[in-house]
Amino acid sequence: EVHRVRRSGLSPQGNPLLEANPGGAPCNLLAMLARLGHRTAFLGKVGRDAFGDMLRQRVSGVGVDVSGLRVDENIPTTLAFVHTQPGGERDFSFYRKPGADLGEDEVDLEKIASSRVFHFGTLSSTGEPVRSATRAALAYAKAHGCLISFDPNLRPPLWDSLDRAREEIDFGLSQCD
């Protein structure tokens with residue numbers, strides 16, 4: 001999952017101040033559902049660092065089950081630096097290669113089996129090992145009767161090519177309900 005860092009003003013010396021915002025589209029969705037009283041669980045991976053710790057604390061603090069959140073001892077939490085342009089458009093800079101990614105053998109299948117809905121997004125399709133982990137989790141969710149939700153949240157800097165992004169988005173759209 002992604003830990004977002006946004007520009008939030010200037011220091012007295014004129015340097016940009018950055019604000020840490022734990023989240024990312026899937027975590028944000030789970031947090032909103034939890035606030036509405038639904039039982040939610042997050043499956044993913046963070047690094048053993050301040051950003052991963054903050055993400056775990058914030059997400060669990062709003063009622064999301066994070067027992068399926070794994071910790072990588074060697075690879076840091078993925079970061080997204082978000083810069084808002086005049087007019088409101090946002091630019092994203094990702095620090096992800098490497099970034100802590102869930103492997104297929106780390107997916108908590110029991111969490112999926114006890115779920116009614118399985119949601120995934122494009123970040124988990126941008127590379128290995130998380131692409132294979134997501135596809136295995138998706139197949140398991142389908143086999144266990146979950147409603148499948150997909151967020152085709154395109155972030156071009158994460159992809160080696162936009163053709164590959166299109167293929168993965170087409171795959172996700174072909175799998176969702």
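# Close-up views of a predicted model

**View 1. Thr122 lies in the loop that runs between strand 7 and helix 4 (130–143).** The model you are looking at is predicted. Is Thr122 buried or exposed? With a relative accessibility of 5%, Thr122 counts as buried, because buried means under 20% relative accessible area. Who are its neighbours? Leaving out residues up to four places away in sequence, Thr122 touches Phe150, Asp151, Pro152, Asn153, Leu154, Trp159 and Ile169. Keep Phe150 in mind, as we will meet this residue again in a later view.

**View 2. The loop of Thr122 also contains Pro129, between strand 7 and helix 4.** Look at the link between Glu128 and Pro129: a cis peptide bond joins these two residues, and omega is about 10°. Try finding Pro129 first, in the loop between strand 7 and helix 4, and then step back along the chain to Glu128, its partner in the cis bond.

**View 3. A cis peptide bond also joins Lys97 and Pro98.** Here, too, omega is about 10°. Where does Pro98 sit? Pro98 is in the loop between strand 6 (90–95) and helix 3 (109–113).

**View 4. Phe92 and Phe94 bring their rings together as a stacked pair.** The structure holds four aromatic pairs. In the pair shown here, the ring centres of Phe92 and Phe94 are 5.8 Å apart and the planes meet at 10°, so the pair is stacked. The reasoning rests on a cut-off: planes under 30 degrees apart count as stacked. Are these two residues buried or exposed? Phe92 counts as buried at 11% relative accessibility, and Phe94 is buried with a relative accessible area of 18%.

**View 5. Phe94, in strand 6, has neighbours from distant parts of the sequence.** Leu158 is one of them: Phe94 and Leu158 are 64 residues apart along the chain, yet their C-alpha atoms are separated by 7.0 Å. Which residues does Phe94 touch? Not counting residues up to four places away in sequence, they are Leu79, Ala80, Arg155, Pro157 and Leu158.

**View 6. Phe120 and Phe150 form a tilted pair.** Their ring centres lie 4.8 Å apart and their planes stand at 40°, so the pair is tilted. Phe120 belongs to strand 7 (residues 117–121) and Phe150 to strand 8 (residues 147–151), so the pair ties together parts that are 30 residues apart in sequence. Both Phe120 and Phe150 are buried. Now widen the view a little to include Phe118: together, Phe118, Phe120 and Phe150 form one aromatic cluster.

**View 7. Thr40 sits in the loop between helix 1 (25–35) and strand 3 (41–47).** At 8% relative accessibility, Thr40 counts as buried. Which residues surround Thr40 closely enough to touch it? Once residues up to four places away in sequence are set aside, Thr40 touches Leu30, Leu33, Ala34, Gly63, Val64 and Asp65.

**View 8. Gly63 is found in the loop between helix 2 (50–61) and strand 4 (65–72).** Gly63 touches Ala34 and Thr40, again not counting residues up to four places away in sequence. This links the view to the one before, where Gly63 appeared among the residues that Thr40 touches. Now look for Leu162. Gly63 and Leu162 are 99 residues apart along the chain, and their C-alpha atoms are separated by 36 Å.

**View 9. Stepping back, the chain shows five helices and eight strands.** Following the sequence, you meet them in the order β-β-α-β-α-β-β-β-α-β-α-β-α. The radius of gyration is 16 Å, close to the 16 Å that the globule rule gives for 177 residues, so the chain is as compact as a globular protein of that length. The C-alpha atoms fill a box of roughly 55 × 40 × 35 Å along the principal axes. How much of the chain is buried? Of the 177 residues, 41% count as buried. Among contacts between residues at least 6 apart in sequence, 64% join residues at least 24 apart. The accessible surface comes to about 9700 Å², and 51% of it belongs to carbon and sulfur atoms. Finally, consider the charges: the mean positions of the 21 positive and 23 negative charges are 5 Å apart.

Key:
Residues numbered from 1 in each chain as written. Predicted model: local features only at pLDDT ≥ 70, side-chain atom pairs only at ≥ 80, totals over all residues. Heavy atoms only, no water. Helix = DSSP H or I, 4+ residues; strand = E, 2+ residues; numbered from the N terminus. Rg over C-alpha atoms; globule rule 2.2 N^0.38 Å. Buried < 20%, exposed > 50% of the residue type's maximum accessible area, 1.4 Å probe, protein only. Contact = heavy atoms within 4.5 Å. Areas by Shrake-Rupley, 256 points an atom, 1.4 Å probe, with all protein chains shown as cover. Lys, Arg positive; Asp, Glu negative; His and termini not counted. Charge placed at Lys NZ, Arg CZ, Asp CG, Glu CD. Phe/Tyr/Trp six-rings, centres within 6.5 Å; stacked < 30°, edge-to-face > 60°.
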